[in-house]
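Visitor: Could you take me through one part of this protein up close? I'd like the cysteines, and then whatever sheet and core packing you can fit in.

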Amino acid sequence: MPRPEIHMITFTVDGREVRAPENAMLVDAAKLGDVEIPVFCYEPKLGQPVGACRMCLVEIEGIPKLQTGCSTPVKDGMVVITQSERVKEAQEAIVEFLLVNHPLDCPVCDKGGECPLQDISFGWGGGRSRFIEPKRHFEKPLALSPLIAIDRERCILCYRCVRFSQEISEDYQLILAERSADTYVSTFDGHPYVAPFSGNIIELCPVGALTSQPYRFRARPWDIEGAGSVCTLCPAQCNVELTVRDERVLRVLARQHPGVDDGWLCDKGRFAYQSVHVDERITRPMVREGGELRPVSWERALDEAAGALGRAGAQSAVLAGGGATNEEGYLLQRLAREAVGTPHVDSRAGGGPGRELAAALGAPALQATVPDLEHAHAVLVLETEPVDDMPIVDLRIRKGVRRNRVRLAVATPRPSSLDRNADVSVRYAPGCGEAFVAALSAMLGGEGKNVDELASSAGTTVEALRGVTGVLRGVEVGEGATGSDEAGPRDIVILWGERLTQGRRGAAAARGLLNVAARLRLGGREGAGLLEVPVAANGRGLREAGVLHDAGPGLSEPPHGEMAAIDGLELPDGLARGDLTTLLLWDAEVDAATLAAAGTVIAHAAFLTDALRAHATVVLPAESYAEKEGTVTHPDGRVQRLRPAIGRQGGVRPGWQVLADLMARVGATQDPADPGAGDPRVLTGPMASRQLFEAVPVYAGLTLEELGGRGVRWPAREQAAAWPRADAGPFGLEVPPGPVKANGDLRLGTFRSIWAGPEVGHSPALRFLVPKPRVEMAPADAQRRNVTQGDHVTVGHNGAALHATVVLRDAVPRGTVFVETDALRAGPVDVRKAPPRAGPPAPDPAEAPS
């Protein structure tokens, strides 16, 4: 539903006239008059208040009894008193009751010094205790999970953690067990609370009942500093505050930004900070000598890297990963094009649509924002699993469905965690996203004669497409939907995964998606549009910085005179053919076969993978996001600033400095055709940012000071008019190839878990979540192959094989399996039970002890 209109009213609190939005809760409205009403259970992010703690009691003129300020909406002319004797007496009584069983262990409590209970006891309590009886006791502390410890004696039963589990993340794992004075927070049957967003309850807890296991007893509030930055472990780019002591990150907290993260963090972003300080991290440059990588000086490593790039010239290729900043991306493409003289630079390992289509998909008038997801009439989730690919967006969609009655349609090959929230859930065959969007475009356009053929090509049904169309058109499910739009344009957001436009037919899928957007009239409509989920954390920023094989900064035409450039998808073939000999990987990962085909591999990385250990020629240590300086671009176009929170570990150097040194060694010079381009040298981080802002037309005029702690959405700036114009359709679409004929085998789909990535594997607290190879399949398919839940199987295709564990899911379509890996290519696969593993010989019964 559209955002509600805000009407301002005037009310009086403690003799002060205050203007506030009508129906705002009194606790929030009073702050606008600089009046604080104490609360424990109230938290606006949790939704409707419950009034559980009664700490916010106030007097309201005309109402005889005290009212809870957290659940009382303000009205025009309301008169509120928060300082009367009645109110003070009630608040003192509440504090005294809360402290009846609360242990007075503040000196050893992790919450001490930043505890709301301490603050409220001091500010609103009576300052004395009349309670002399024994307090209740629980076993303490208990591991609620490997990440969270619970001290039940400290719990004041504010319900915040339980409400988060049941109403925000909707994992429904936390409950209140027992009754009355014996009530305590628990999980069903004592199972560990393991969920993607479980760590948020630590921040929500207003006392020291829920504490972080990794942070427990590590520091006191007066020993630490807070540093604001942006998490770059996934495309969500959540705003965070890093807790720092002695140049070490000890904790990560949410830094609420309504336009980005709504104040929540996933557990990967909250706990993976430990990977910054582990011994396995690369902190010195390395060069291969005698068949092994050995630490060397920076000068030696840079000379080796620059020499290899200079010798290879146009036979070099550069691939950037999502951990790179916009500045690093801009300097990287400068290094490739200006210094090395190669056009083979890309940031999309899976390929993607060309410059024209990329410009059409990124057009400012077609960009939705993250808050639009919770206020739209309808949301279509297409070719992405938000909880894995962009976790915080998953919470935003659930919030929109739950609070604002947003209608949700999910269209993915693999069953989604959002299926039970959706009005319609549609499955199509893996790799057939192009056919699905073409069929959806035909259905929306009333092209009934083509829909049957296109639906068949997608591996879905006309009825399923009709359901999705009905949700988007506002028709109740089951009533049917036509191509006409009698109700007029609607606020519709299509959340689409970049995987849709990857591969050799990515351009055709992009045209189909643009056709769908045109038929829904999303362009230029506030509150509607497309919102991409990139594969890489800073995928959008790198494209806009010019890290594309066919586009320069701002998706401009690449420099004149370039030869045909090889993109990320063709990179392995180019190396295998010998067209490319040298590969520079900047925070990017490729498979071992690709590395083996390269004569020289230069890698900028934080950790050594087995493939790098075997094939890398030069390894340059990379910064963590806690050490980086620069900018990144959110999928909705918000340019955000990264600030270093700690000093760089060991001998790590800033990425911009490494690239500047390489350019200087290879021989980058100022373009003689553009003598007014300014100094090409980069001496500081802000200088790199300034060059980026000058080179990308839609960033023109930006400054680091303007970005501040909230960032700036460039599609909302006047400079957005400089975005290159491109044909957005409608396009004529051909019937794409249908799903692969399995001939008795199973179709393969792949996915990537939220817990994938080196940061999880190298963080001690998160290692228990490192995904193990597993294959998801339908029970009927498993039965035909005589396998069951937990069996070890071999998944094979064209000589390649993967050992995995079977996970049965009723929602997996028959004839399809999903494997958590990138090692296998799409196509038909065979699943066979693995032979039993050889174990130690059985003991001889005759030798058994009596």
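Guide: Here is a walk through the cysteines, then the sheet, then the cores. Keep in mind that this is a predicted model. A search of the whole structure turns up zero disulfides. Take Cys-53 to start: its closest cysteine sulfur belongs to Cys-41, and at 3.7 Å that is too far for a bond, because a disulfide needs the two sulfurs within 2.5 Å. Cys-53 counts as buried, at 11% relative accessibility. Cys-70 tells a similar story, with the sulfur of Cys-56 as its closest cysteine sulfur at 3.8 Å, again too far for a bond. Cys-70 is buried too, its relative accessible area being 1%.

On to the sheet. Seven strands make up an open sheet with mixed pairing, ordered β15-β14-β25-β24-β23-β16-β17. At its edges sit β15 (292–295) and β17 (345–346), each of which pairs on one side only. Zoom in on β14 (residues 286–289) and β25 (residues 618–621): they run antiparallel and are joined by two bridges. Met-286 is the residue standing opposite Val-619 in β25.

Now the packing. The largest nonpolar core has 84 residues, and Phe-164, Ile-201 and Leu-242 touch the most other members. Setting aside neighbours within four places in sequence, Leu-242 has contacts including Val-249, Val-252, Tyr-625, Ala-626 and Ala-645, and also Glu-225 and Arg-251. There is a second, separate core of 54 residues, with Val-287, Val-547, Met-663 and Phe-693 among them. Val-287 falls within β14, the strand at residues 286–289, so to speak a link back to the sheet.

Technical notes. Residues are numbered from 1 along each chain as its sequence is written. This is a predicted model: local features need pLDDT of at least 70, side-chain atom pairs count only at pLDDT 80 or more; totals for chains, interfaces and linings use all residues. Side-chain values use heavy atoms; hydrogens and water are left out. Two strands pair if DSSP finds at least two bridges between them. Helices (H or I, at least four residues) and strands (E, at least two) are DSSP runs, numbered from the N terminus. Buried means under 20% relative accessible area, exposed over 50%, partly exposed in between (1.4 Å probe, protein chains only). A nonpolar core is a set of buried Ala, Val, Leu, Ile, Met, Phe, Trp, Tyr and Cys residues joined through side-chain atoms within 4.5 Å. Contact means heavy atoms within 4.5 Å.
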